[in-house]
Amino acid sequence: MTEEQTLRKAGVRVTAVRLLIWRTIHREFTGIFNLADLEEALPTVDKSTLFRTLNLFSDNHLLDEIDDGSGSQKYCQRNADDPLSDVRHIHFSCRICHRTVCLTNIPLPEVTLPEGFEVDNVEYVVKGVCPKCRGVSYTPSTPA
Ligand SMILES: [Zn+2]
Ligand SMILES: [Zn+2]
């Protein structure tokens with residue numbers, strides 16, 4: 001599937017600038033990024049367009065938004081290999097290096113709320129110390 005087809009299938013009305021932004025994210029951003037990273041990658045596109053387009057992609061489930069407590073909104077692709085997948089993943093935030101990483105092999109747990117509650121968004125950020133800061137090796141494993 002081309003990047004243009006992905007946008008269409010996700011329900012995004014394709015414009016040249018949206019395609020450019022999606023292509024940049026899809027090809028260059030493997031992990032978590034924020035608006036500043038996108039500004040740096042696309043200095044010719046104005047900031048408000050970048051911000052609106054991030055929200056649009058997020059509304060159409062191409063991106064997930066992560067609030068890791070750093071005060072800056074972060075984003076990642078839900079699944080770079082299969083952008084239309086609806087399986088989301090959890091994140092890990094390290095209190096030493098302050099990096100947040102995608103744990104793409106760990107799906108978001110299913111949460112069932114009592115009657116009367118309506119869900120807008122579910123985020124799952126696990127906090128602790130990452131393998132690098134602990135000085136241990138880490139090999140991503142496949143889900144059990
Ligand atoms: Zn760390
Ligand atoms: Zn992620």
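Which exposed residues does the face of H2 turned away from its buried side carry? They are Ala16, Arg27 and Glu28. Keep in mind that you're looking at a predicted model. Let's start with this helix and work inwards.

**Two helices with a buried side**

Turn H2 around and you meet its buried residues: Ile21, Trp22 and Ile25. Looking down the axis of H2, the buried residues fall within an arc of 95°, so they line one face of the helix. There's a neat bit of background here: an α-helix has 3.6 residues a turn, so residues three or four places apart point the same way. The cover over the buried residues of H2 includes helix H1 (3-9), H4 and S3. Zoom in on Trp22 and, leaving out residues up to four places away in sequence, you'll find it touching Glu3, Leu7 and Phe57.

H4 can be read in a similar spirit. Its buried residues are Thr53, Leu54 and Phe57. These cover an arc of only 105° around the axis, which puts them on the same side of H4. They pack against H2, helix H3 (35-41), S2 and S3. After H4 comes His61, with a positive phi near 65°.

Here are the two helices in a table:

| Helix | Number of residues | Span, first to last C-alpha | Expected span at 1.5 Å a residue |
|---|---|---|---|
| H2 (16-28) | 13 residues | 18 Å | 18 Å |
| H4 (47-59) | 13 residues | 18 Å | 18 Å |

**The sheet**

Now for the strands. Three of them make an open sheet in the order S1-S3-S2, with antiparallel pairing. Strand S1 (33-34) and S2 stand at the edges with a single partner strand each, so one side of each is left without a neighbour in the sheet. As a general point, strands of a sheet pair through backbone hydrogen bonds, either parallel or antiparallel.

S2 and strand S3 (residues 74-77) are joined by four bridges. Along this pair, Leu63 sits opposite Gln77 in S3, and Ile66 sits opposite Lys74 in S3. S1 and S3 have two bridges between them, and there Phe33 faces Tyr75 in S3.

What about the side chains of S3? Lys74 and Cys76 point one way, while Tyr75 and Gln77 point the other way, and all are buried. That fits a general pattern: in a regular strand the side chains alternate between the two faces of the sheet.

H4 lies across S2 and S3, running at about 110° to S2.

**Where it comes together**

Which residues touch the most other members of the largest nonpolar core? Among its 14 residues, they are Trp22, Leu54, Phe57, Leu63, Tyr75 and Cys76. H2, H4, S2 and S3 each supply at least two residues of this core, and the largest share, three residues, comes from H2.

Leu63 is a good one to click on. This residue belongs to strand S2 (residues 63-66). Why does Leu63 count as buried? Because 23 other C-beta atoms lie within 10 Å, and the cut-off for being buried is 20 or more. Setting aside residues up to four places away in sequence, Leu63 touches Leu54, Phe57, Ser58, Tyr75, Cys76, Gln77 and Arg78. Gly11 is 52 residues from Leu63 along the chain, and their C-alpha atoms are 13 Å apart.

Notes
Residues numbered from 1 in each chain as written. Chains lettered and ligands numbered in written order. Predicted model: local features only at pLDDT ≥ 70, side-chain atom pairs only at ≥ 80, totals over all residues. Buried ≥ 20, exposed ≤ 12 C-beta atoms within 10 Å, placed from the backbone. Contact = placed C-beta atoms within 7 Å. Pairing = 2+ DSSP bridges. Axes fitted to C-alpha atoms, helices over the stretch in contact; angles between N-to-C directions. Core = buried A, V, L, I, M, F, W, Y, C linked by C-beta atoms within 7 Å. Expected span 1.5 Å × (residues − 1). Arc of directions from axis to C-beta.
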